[in-house]
Amino acid sequence: MDKQSFLYRVYDLYVDGFRSMRLGKTLWAIILIKLFIMFAILKVFFFPNFLKQHAAEGHESDYVATELIDRGALPNK
């Protein structure tokens with residue numbers, strides 16, 4: 001990679017910044033662990049695959065369209 005290119009300069013900035021960090025490395029580790037917990041572990045337990053349970057395989061778009069139409073036709077309360 002050419003040392004004058006934008007991507008190289010951005011990469012070099014971050015590498016140099018992380019090299020001199022002490023507390024920042026710990027904080028980034030905590031952030032990455034929290035993101036992993038939120039997106040990998042909590043998703044499995046709290047966000048089931050609703051379409052897989054209610055729509056036939058390959059007909060998910062039909063199910064969504066039908067639900068949108070049916071719910072849109074309900075009277076406002």
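1. Let's start with a term. A salt bridge here is a side-chain nitrogen of Lys or Arg within 4 Å of a carboxyl oxygen of Asp or Glu. Aspartate 16 and arginine 19 fit that description, with their closest N and O atoms 3.5 Å apart. Both residues sit in helix α1, 3 residues apart, which is about one turn of the helix. (Helices are DSSP runs of H or I with at least four residues, strands are runs of E with at least two, and both are numbered from the N terminus.)

2. Before you go on, a word about what you're looking at. This is a predicted model, where local features need pLDDT of at least 70 and side-chain atom pairs count only at pLDDT 80 or more, while totals for chains, interfaces and linings use all residues. Residues are numbered from 1 along each chain as its sequence is written, and side-chain values use heavy atoms, with hydrogens and water left out.

3. Now the overall build. The protein has 4 helices and 0 strands, and from the N terminus the elements run α-α-α-α. The radius of gyration is 23 Å, well over the 11 Å that the globule rule gives for 77 residues, so the protein is more spread out than a compact globule. (That radius is taken over C-alpha atoms, and the rule is 2.2 Å times the number of residues to the power 0.38.) Along its principal axes, the C-alpha trace spans about 60 × 30 × 30 Å.

4. What share of the 77 residues is buried? Buried residues make up 3% of them. (Buried means under 20% relative accessible area, exposed means over 50%, and partly exposed is in between, with a 1.4 Å probe and protein chains only.) The protein exposes about 7,500 Å², and carbon and sulfur atoms supply 67% of that. (These areas come from the Shrake-Rupley method with a 1.4 Å probe; for residues, only the protein chains shown count as cover.)

5. Back to the charges. Side chains of opposite charge can pair when their charged atoms come close. The protein has 10 positive and 8 negative side chains, and the centres of the two sets lie 14 Å apart. (Lys and Arg count as positive, Asp and Glu as negative, and His and the chain ends are not counted; each charge is placed at NZ of Lys, CZ of Arg, CG of Asp or CD of Glu.)

6. How many salt bridges does a search of the whole structure find? It finds 2. You've met one of them, the pair in α1: aspartate 16 is partly exposed at 43% relative accessibility, whereas arginine 19 is exposed at 53%. In another, arginine 71 meets glutamate 67 at 3.3 Å, N to O. These two are 4 residues apart in helix α4, so about one helical turn separates them. Arginine 71 counts as exposed, at 59%, and glutamate 67 as partly exposed, at 24%.

7. Next, the rings. A pair of aromatic rings is described by the distance of the centres and the angle of the planes. (Rings of Phe, Tyr and Trp, using its six-membered ring, pair if their centres lie within 6.5 Å; planes under 30 degrees apart are stacked, over 60 edge-to-face, and the rest tilted.) The count comes to 1 aromatic pair. Phenylalanine 50 and tyrosine 63 have ring centres 6.4 Å apart and planes at 50°, so the pair is tilted. The pair links distant parts of the chain, with phenylalanine 50 in helix α3 (residues 50–54) and tyrosine 63 in helix α4 (residues 60–72), 13 residues apart. Phenylalanine 50 is partly exposed at 44%, and tyrosine 63 is partly exposed at 21%.

8. Two residues in helix α2 deserve a look. Phenylalanine 36 lies in this helix, which covers residues 23–46, and counts as exposed at 52% relative accessibility. Isoleucine 30 is also found in α2 and is partly exposed at 44%. The C-alpha atoms of isoleucine 30 and arginine 9 are 27 Å apart, with their positions 21 residues apart along the chain.

9. Finally, two residues outside the helices. Glutamine 4 lies in the segment before α1 (6–19) and is exposed, at 60%. How far apart in space are glutamine 4 and aspartate 70, C-alpha to C-alpha? They are 58 Å apart, and 66 residues apart in sequence. Proline 48 is in the loop between α2 and α3 and is exposed, at 52%.
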